[in-house]
Structures are given as C-alpha cells and as structure tokens.
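Open the model in your viewer and follow the stops below in order. Each stop says what to select and what is there.

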Amino acid sequence: MRSAKLFQYQLPMDTGVILRSQRLVTREGWVIELKQDDKIGYGEIAPLPEFSHETAEQAGEQAKQLLAKWQAGEAIDLDSAYPSVASGLSMAMLELNGELPAEGNYQVAPLCSGDPDELVIELNKMPGEKVAKIKVGMYEAVRDGMVANMFIEAIPGIRLRLDANRQWTPLKAQQFAKYVKPENRAGIAFLEEPCKTPAESLAFAQETGINIAWDETVRDEGFEVKAEPGVVAIVIKPTLVGPVERCIELVKQAHEAGLVAVISSSMESSLGLNQLARFAAWQTPDVIPGLDTMQLFQAQLETPWPECSLPVTSLNDLEVVWQS
Ligand SMILES: O=C(O)CCC(=O)c1ccccc1C(=O)O
Ligand SMILES: [Mg+2]
C-alpha cells in the first residue's frame with residue numbers, strides 16, 4: 001500500500017539575502033511525504049529563483065502528477081522532470097527505502113556574508129580543518145584580494161573557498177590574482193568559477209597557479225567530469241542537478257578523475273539541508289560540505305539544524321495541497 005502527500009511551505013528569509021539581481025524575502029517550496037507499508041520518506045522540492053529554470057508553481061504542479069504515478073506504481077522518468085522535482089522525489093524514495101544513512105556531516109564551511117572580522121573569530125575557534133567560503137566578484141577585485149590575504153594571514157592553516165560566480169572578465173581576475181601574495185595562494189583551496197566562460201577560467205588557473213572549481217559549469221549542457229590542469233573540485237548542488245542518482249554518479253566520476261566533490265546547498269529549508277548533510281556524510285565523507293545557509297533564514301522546517309536557535313515550523317502546521 002502506497003500513499004503520498006504534498007505540503008507547501010513559505011519561510012521568511014533574513015533581510016538582505018540577494019540572489020543575483022533579486023532580493024529573496026520568502027523561500028517557497030514543497031515537501032513530499034511518501035508512505036509504503038510502515039516505511040516513510042521525505043523530500044524537498046525548492047526551485048531557487050535566478051538559478052532554477054522552473055518556478056515553484058511549475059514544480060508543484062509536476063510534483064502532483066508524479067506523486068499520482070508513484071502512488072499507482074507506474075514508472076517515473078526522473079530525467080525528464082524538472083531538476084528540483086527529480087531531486088526531491090528521488091531523495092524521498094531513497095529515504096523510504098532506507099538507503100539514506102541517518103548520520104550527517106554538520107561541520108559546514110562557514111559562509112562569509114557579512115563582517116569578515118566576525119568570521120575570523122569564529123574560524124579561530126573551529127576545531128580540526130579550518131575551511132571558509134567567501135563570495136568575491138561583487139566589489140573591487142583589489143578588495144577581494146586583500147580580504148583573501150587577510151584571512152590567510154590571520155588564520156594559520158586556513159583553506160579558503162572563494163566563489164566569483166562567473167563575475168570577472170579575464171582582466172579583473174588578473175587584478176584579483178595580482179593582489180593575492182604569491183605565498184598566500186596555497187591558502188586558497190579553490191576559487192569557484194572566476195570568469196564568464198570555462199575557457200577563461202581554465203586560462204586564469206594556469207596563468208596564476210590558483211586552483212579553481214566548477215559549480216555553474218557542472219550544470220552546463222554536455223558537461224563531463226574530467227581532470228584538467230588547475231581544476232581541483234566540482235560543486236554539486238542536488239536541487240539544481242536533479243535525480244540523486246545523477247549526484248552519486250558525479251561524485252564517483254569526480255573521485256575517479258582525482259577531483260574533490262563538494263555537496264552544496266541551494267538554500268533548502270532545514271529539512272532539505274539535513275538530508276544534504278546526510279548525503280554528504282555518506283558520499284563525500286572526507287570533505288566539508290557547503291551547507292552554511294541556515295543563517296540566511298528566519299525559521300526552520302520540521303527537522304532542526306544542529307545548534308540553530310531559529311523557531312521551527314512543523315509539517316503539521318503546513319497546508320497539505322495534495323494527497324492520495
Ligand atoms: O556552496 C556553499 O558553500 C553555500 C551555497 C552557495 O554558495 C550558493 C547557494 C545558493 C546559490 C548559489 C550559491 C553559490 O555557490 O554561488
Ligand atoms: Mg558557486
């Protein structure tokens with residue numbers, strides 16, 4: 001016996017969360033609940049504005065159709081579903097089948113979204129491997145270079161992850177590199193997507209000796225995981241990639257190519273974020289995932305995130321928009 005439910009959620013965001021060109025005031029999405037005999041599985045479907053091509057409304061409509069098929073025991077082609085829907089549905093099936101281990105990796109790479117001095121204090125208190133993520137490319141490249149130097153000099157052993165989100169022209173990227181002292185470059189674990197095109201980013205890595213990682217490029221049509229000079233990692237955002245099986249395949253291919261795979265958030269609620277922490281502990285046990293996005297919310301959903309004091313909305317308080 002199978003049954004399914006679709007919940008709709010809206011969670012308030014912290015003020016000042018900007019996605020590319022728009023402010024994100026409310027995070028909107030769906031949670032699916034699958035039940036079979038005495039087993040249960042959850043999955044979150046939350047297209048990210050400016051990143052996903054589908055809207056929340058389109059994803060919700062498709063989710064209802066696919067849940068009806070699942071309930072009837074019909075075949076579902078996840079590869080032709082929207083990535084956010086394929087992601088949430090496949091995660092729910094994984095959990096239902098007992099294949100998603102319970103233990104999570106909650107040791108995240110702190111995201112510097114405000115005052116760099118506060119992050120320095122936090123990192124100095126952090127036990128074990130010190131990893132932090134800083135967005136660059138939003139202000140002057142020179143300032144970004146100075147911020148990188150400051151972190152590397154203030155925190156012994158730091159491994160910085162920088163993310164330019166394809167913002168720089170080759171010239172701007174060069175200006176950044178020029179300001180990062182040569183002896184500090186090894187403190188940069190990687191710089192995600194420095195330039196507008198992958199070819200420019202590859203040239204940057206080879207010219208500067210600064211390692212890079214693919215994030216947007218992983219979702220480009222025809223992307224293949226391969227070892228290339230200067231490339232050390234790929235970032236996997238399951239909500240944007242699609243079926244969880246595809247994410248597992250990407251992790252496997254990355255490891256075979258000698259690359260690091262980093263599981264990362266697309267600003268899922270605490271429910272989805274917890275599942276990503278579990279997925280990361282399972283698939284990439286030696287790597288700190290990029291999941292420090294709970295701080296961007298004003299509320300949690302159902303499953304609390306460790307040490308997070310934000311109020312928790314329960315699934316029981318949400319509207320069930322569809323059930324079978
Ligand atoms: O990867 C991380 O550490 C945090 C997540 C993150 O940076 C992000 C979250 C949502 C959308 C885009 C991005 C990004 O990598 O630019
Ligand atoms: Mg990125």
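The tour goes from the whole chain to the metal site.

This is a predicted model, in which local features need pLDDT of at least 70, side-chain atom pairs count only at pLDDT 80 or more, and totals for chains, interfaces and linings use all residues. Residues are numbered from 1 along each chain as its sequence is written, chains are lettered from A and ligands numbered from 1 in the order in which they are written, and side-chain values use heavy atoms, with hydrogens and water left out.

Select the protein chain and show it as a cartoon. There are 9 helices and 15 strands, taken as DSSP runs (helices H or I, at least four residues; strands E, at least two) and numbered from the N terminus. The radius of gyration is 20 Å, close to the 20 Å of the globule rule for 324 residues, so the chain is as compact as a globular protein of that length. Here the radius is taken over C-alpha atoms, and the rule is 2.2 Å times the number of residues to the power 0.38.

Colour by accessibility next. Of the 324 residues, 52% count as buried, meaning under 20% relative accessible area with a 1.4 Å probe, protein chains only.

Now select the magnesium ion (ligand 2). Asp 163 (OD), Glu 192 (OE) and Asp 215 (OD) coordinate the ion at 2.1 to 2.3 Å. Donors are N, O and S atoms within 2.8 Å of the metal (3.2 Å for Na, K and Ca); water is not among the atoms, so sites may look incomplete.

Finally, select Glu 192 and Asp 215, which are 23 residues apart. Glu 192 lies in strand E9 (residues 188-192), and Asp 215 in the loop between strand E10 (212-214) and strand E11 (231-236). Glu 192 is buried at 2% relative accessibility, and Asp 215 is buried with a relative accessible area of 2%.

Note on methods. Buried means under 20% relative accessible area, exposed over 50%, partly exposed in between (1.4 Å probe, protein chains only).
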